[in-house]
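Colleague: I would like a close look at the charged side chains in this model. Please start with the one that puzzles you, then work outwards.

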Amino acid sequence: NIADSGVGAAWNGTTGTFATSPIGVSGLNPASWTITSICLKIVHTWDSDLIVYLVNPCGQRILLIKAAGGAGSNFTNTCFTTAAGNVIGSAGNNTAPFSGTYAPKAGAAAWAAFLACANPNGTWSLTVGDSVGGSTGNIDDWTINFSSTNAVASYAWSPATNLTSTTTASTTASPPSTTTYT
């Protein structure tokens with residue numbers, strides 16, 4: 001549950017009483033990855049009370065939503081991508097419930113810094129704080145999708161005798177007798 005009035009209006013995602021939902025991520029290539037989308041479903045009776053951050057395994061936070069939607073309720077199938085241009089809370093995008101694809105409140109420069117995390121493998125968390133009393137809610141669900149090239153960095157075949165290459169995945173061996181290559 002999202003604690004009613006658990007954070008202040010200037011909340012930076014680190015202090016106070018707030019809801020956190022973690023997702024463990026593994027198998028991404030630290031040298032080649034990006035986020036393709038973050039989608040969430042937050043049920044809350046007064047959206048403008050909420051401040052929402054995504055936290056990466058490096059401990060960096062990016063502000064997704066802050067005090068948007070007035071007295072409206074809920075974020076349903078609300079997604080964030082690096083390609084979106086509209087921000088929740090901006091002109092024409094301030095009526096809840098929020099459905100669709102948006103840019104994070106923090107902006108493009110913040111995305112770039114956030115995606116500079118050296119290792120995307122680990123725990124990612126969605127943190128949600130309520131900055132005003134009198135309403136309740138919870139994180140129902142959220143997903144994060146990545147694109148990653150998982151290429152092996154290098155090869156080293158041994159012994160090198162009678163191989164067409166010792167540093168590529170595809171090589172041809174022509175040994176004069178039975179030979180085990182590793």
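Modeller: One cut-off comes first: a residue is called buried when its relative accessible area is under 20%. A second one matters too: a salt bridge needs a side-chain nitrogen of Lys or Arg within 4 Å of a carboxyl oxygen of Asp or Glu. Keep in mind that this is a predicted model. The mean pLDDT of the chain is 90, and 95% of the residues reach 70 or more. Among the elements, E3 has the highest mean pLDDT, at 98, and helix H1 (residues 108-114) the lowest, at 91.

Now the puzzle. Aspartate 49 is buried, yet it has no salt bridge. Where does aspartate 49 sit? Its place is the loop between E2 and strand E3 (50-55). Which side chain of opposite charge is nearest to aspartate 49? That is lysine 66, and it is 13 Å away. The salt-bridge cut-off is 4 Å, so a lysine 13 Å away cannot count as a partner.

What does the side chain of aspartate 49 meet instead? It makes a polar contact of 2.5 Å with the side chain of serine 135. Serine 135 is also among the residues that aspartate 49 touches. Leaving out residues up to four places away in sequence, the others are His44, Gly129, Asp130, Ser131, Val132 and Gly133.

Compare that with the charged pair that does form. How many salt bridges does a search of the whole structure find? It finds one. The partners are aspartate 140 and lysine 41, with their closest N and O atoms 3.7 Å apart. Aspartate 140 belongs to strand E8 (residues 137-148) and lysine 41 to strand E2 (residues 33-44), so the pair ties together parts that are 99 residues apart in sequence. Side chains of opposite charge can pair when their charged atoms come close.

Are these two partners buried or partly exposed? Aspartate 140 is partly exposed, at 41% relative accessible area. Lysine 41 is partly exposed as well, at 35%. Aspartate 49, by contrast, is buried.

The two strands that carry the pair are also joined through their backbones. E2 and E8 run antiparallel, with eleven bridges between them. In one of these, isoleucine 38 has isoleucine 144 of E8 as its partner. E2 has another antiparallel partner in E5, joined by four bridges. There, isoleucine 38 stands opposite phenylalanine 80. So follow isoleucine 38 to reach both neighbours of E2: isoleucine 144 in E8 and phenylalanine 80 in E5.

Isoleucine 38 also leads to threonine 78, which touches it. Threonine 78 is in strand E5 (residues 75-80). It is buried, with a relative accessible area of 0%. A polar atom of its side chain lies 3.2 Å from the backbone nitrogen of threonine 76. Beyond four places in sequence, threonine 78 also touches Cys39, Leu40, Ile88, Phe98, Ser99, Gly100 and Tyr102.

The loops on either side of E5 have backbone features worth a look. In the loop between strand E4 (61-66) and E5 lies alanine 67. Its phi is near 50 degrees, a positive value in a residue other than glycine. Alanine 67 is partly exposed, at 48%. Asparagine 74 is in the loop between E4 and E5 as well. Its phi is near 80 degrees, again positive in a residue that is not glycine. Asparagine 74 counts as partly exposed, at 23%. Proline 97 is in the loop between E5 and strand E6 (98-102). A cis peptide bond joins alanine 96 to proline 97, with omega about 0 degrees.

Finally, go back to E8, the strand of aspartate 140. Phenylalanine 146 is found there too. At 21% relative accessibility, it counts as partly exposed. Its contacts beyond four places in sequence include Trp33, Thr34, Ile35 and Thr36. Val25, Leu28 and Trp124 are also in contact with it.

To sum up: the salt bridge joins aspartate 140 and lysine 41. Aspartate 49 is buried without one, and its side chain makes a polar contact with serine 135.

Notes. Residues are numbered from 1 along each chain as its sequence is written. Side-chain values use heavy atoms; hydrogens and water are left out. Helices (H or I, at least four residues) and strands (E, at least two) are DSSP runs, numbered from the N terminus. Buried means under 20% relative accessible area, exposed over 50%, partly exposed in between (1.4 Å probe, protein chains only). Lys and Arg count as positive and Asp and Glu as negative; His and the chain ends are not counted. A polar contact is a pair of N or O atoms within 3.5 Å; within protein, one must be able to donate a hydrogen and the other to accept it, and residues adjacent in sequence count only if both atoms are side-chain atoms. Contact means heavy atoms within 4.5 Å. pLDDT is the predictor's confidence in each residue, from 0 to 100. Two strands pair if DSSP finds at least two bridges between them.
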